[in-house]
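Let's take a walk through this protein together, one region at a time. Keep the 3D view open and turn it as you read.

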Amino acid sequence: MTIQEGLPFPQDAAQAGKQESRALAAKHSRRNSLHPWEAPRGRMSIVAREWRIGAGLTQPIPDDLAPFVEWFYKKPEARERFRWVLRDSLDELLDGQRTGRWAYQHLMKTEKTYLGTAIEVNLTREFEIKEGVDLDWSIAGVDIDCKFSKDLGGWEIPMEMYLCADHGDRAGHTDHAAVVVWLDDDNSEWAAGIVRITDERLRWKQDRHASGDRVRAYNRDNKRKLSDGARSEVFWLWGGLQTDLPTNLLRHLPADVRDRILTASLPGRSSSGQQRVNQLFREVQGRLIGRQTVLTAGQQDDAPKRARDARKALQPNGIVVLGHQGSHRHVASALELPVPVKGEWISTHLVPVSSEDARPKFSLDRQFWARAREDERLRPDPHPAPDLPDTRKIDGQNSSEVGVTT
């Protein structure tokens with residue numbers, strides 16, 4: 001074998017002197033260019049009638065699953081952490097900052113396949129789950145696996161997870177348990193359950209080519225799905241169907257509103273990331289807007305800077321963009337708006353009002369401010385929004401002192 005040393009860089013890179021730079025590739029790259037994604041035509045998830053589950057279920061905990069259930073239930077804020085792992089895992093694949101994608105249906109087939117892996121990896125990190133002996137996880141000292149499907153009931157189970165004399169060396173050492181996970185971003189729904197995998201709880205079918213006997217229903221990878229009758233064997237964590245998958249804001253906006261945001265531009269100019277972020281805060285008022293939404297709309301780095309620049313751009317129109325710092329949280333609370341935390345913002349249109357105005361309000365420099373009504377927002381000559389202090393509290397409407405307190 002001949003070993004070549006000191007191979008020269010390609011001539012064009014060598015001449016530019018930037019062989020380690022992205023500059024040459026970026027000149028012609030289309031990978032991260034703005035792409036106008038269409039609204040999905042098909043559903044993300046299918047829920048077969050046999051697998052429909054309700055919310056608020058009360059189930060006895062099976063003795064063999066109790067260690068796993070108790071392990072999750074003892075973790076601080078486990079349900080909140082679990083649902084945010086699902087949100088973040090899907091957002092990682094969408095990669096809106098670079099691709100502009102805002103729906104599961106925009107993913108390529110290979111990316112959709114990876115979603116289950118991403119969820120398992122992120123759950124492992126979030127809950128510091130140890131590695132199992134035969135399976136990926138060990139919870140309460142016992143092997144258990146994690147399975148994801150975008151279709152409720154569609155989890156695919158490999159041979160090594162259950163006992164079967166016909167499988168030989170490929171059979172599991174025991175009937176293992178599995179954490180089964182599902183989400184539907186179209187409807188902001190999700191569910192997680194734990195089930196003991198057995199040969200009889202997996203799908204069977206009639207053999208059409210031989211005796212017509214009952215045979216195991218394998219797919220091409222020798223995996224099988226849970227039978228419809230196994231639904232009753234699943235212990236659903238936190239009471240079954242969950243309807244609060246963290247909202248994918250762009251996915252759930254009315255189509256015309258979303259189009260105005262993602263195509264925002266000034267007359268005679270092409271759309272820019274900052275213009276789209278400005279339009280986002282102009283269109284979506286009174287609702288928390290997260291970092292991921294800002295990054296997807298702008299397709300630029302540094303979401304906080306885009307929000308700060310939007311605040312400056314919209315202030316002459318009477319719109320404030322509130323964050324988590326300084327007086328902003330106090331203003332949001334005084335106006336009875338959701339209060340942002342780090343990585344969140346909320347916008348609203350303000351108008352100056354008198355101290356007798358019944359609306360929730362705050363005062364700044366001896367002037368009261370309240371959220372604008374519809375007719376006030378439509379005025380052709382809006383009053384500029386106030387410049388909110390960064391470090392001082394704002395008086396609420398029930399304060400006996402008008403002005404700003406330190």
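**A guided tour, starting from the sheet**

Five strands form an open sheet in the order S1-S2-S4-S5-S9, and their pairing is mixed. S1 and S9 are the edge strands, each with a single partner, so one side of each has no neighbour in the sheet. Please bear in mind throughout that you are looking at a predicted model. As a reminder, strands of a sheet pair through backbone hydrogen bonds, in either a parallel or an antiparallel way. Here, S2 and S4 run in the parallel sense and are joined over six bridges. If you would like a spot to zoom in on, find Ser149, which stands opposite Trp182 in S4.

Next, look at the helices that pack against these strands. H3 lies across S1, S2, S4, S5 and S9, and runs at about 145° to S5. H6 also packs on the sheet, where it touches S1, S2 and S4, and its direction makes about 140° with that of S2.

What fills the interior? The largest nonpolar core has 37 residues, and Phe82, Leu183 and Ile194 are the ones with the most contacts inside it. Several elements each supply at least two residues of this core: the helices H3 (66-74), H4 (78-94) and H6 (109-127), together with the strands S1 (137-139), S2 (142-149), S4 (177-184) and S5 (189-196). H4 gives the most, with seven residues. Ile194 is a good residue to click on: setting aside its neighbours within four places in sequence, its contacts include Leu65, Phe68, Val69 and Phe72, and also among them are Ile144, Val179, Val234 and Phe235. Apart from this core lies another one, of 23 residues, among them Trp102, Ala103, Leu250 and Leu295.

Leu295 leads us to helix H10 (residues 291-298), which is mostly covered, with six of its eight residues buried. Those buried residues are Thr293, Val294, Leu295, Thr296, Ala297 and Gly298. Just after H10, Gln299 takes a positive phi of about 50°.

Now for some polar side chains away from the solvent. Gln242 sits in the loop between strand S9 (235-236) and helix H7 (249-252). Is Gln242 buried or exposed? Its relative accessibility is 5%, so Gln242 counts as buried. Which partners does its side chain have? The side chain of Gln242 makes a polar contact with the side chain of Arg79 at 2.8 Å, and a polar atom of the Gln242 side chain also lies 2.8 Å from the backbone oxygen of Gly240. Beyond residues up to four places away in sequence, Gln242 touches Arg79, Ser188, Glu189, Trp190 and Leu237.

Another loop to visit is the one between strand S12 (344-353) and strand S13 (361-364), where you will find Arg359. Arg359 is buried, because its relative accessible area is 15% and the cut-off for buried is under 20%. The Arg359 side chain makes a polar contact with the side chain of Glu376, at 2.9 Å.

Finally, a word on cysteines. A disulfide is a covalent bond between the sulfur atoms of two cysteines. How many disulfides does a search of the whole structure find? The search finds zero. Cys146 is buried, with a relative accessible area of 5%, and Cys164 is buried too, with 8%.

Methods
Residues are numbered from 1 along each chain as its sequence is written. This is a predicted model: local features need pLDDT of at least 70, side-chain atom pairs count only at pLDDT 80 or more; totals for chains, interfaces and linings use all residues. Side-chain values use heavy atoms; hydrogens and water are left out. Helices (H or I, at least four residues) and strands (E, at least two) are DSSP runs, numbered from the N terminus. Buried means under 20% relative accessible area, exposed over 50%, partly exposed in between (1.4 Å probe, protein chains only). A polar contact is a pair of N or O atoms within 3.5 Å; within protein, one must be able to donate a hydrogen and the other to accept it, and residues adjacent in sequence count only if both atoms are side-chain atoms. Contact means heavy atoms within 4.5 Å. A nonpolar core is a set of buried Ala, Val, Leu, Ile, Met, Phe, Trp, Tyr and Cys residues joined through side-chain atoms within 4.5 Å. Two strands pair if DSSP finds at least two bridges between them. Axes are lines fitted to C-alpha atoms, for helices over the stretch in contact, and angles run from 0 to 180 degrees between N-to-C directions. A disulfide is a pair of cysteine sulfur atoms within 2.5 Å.
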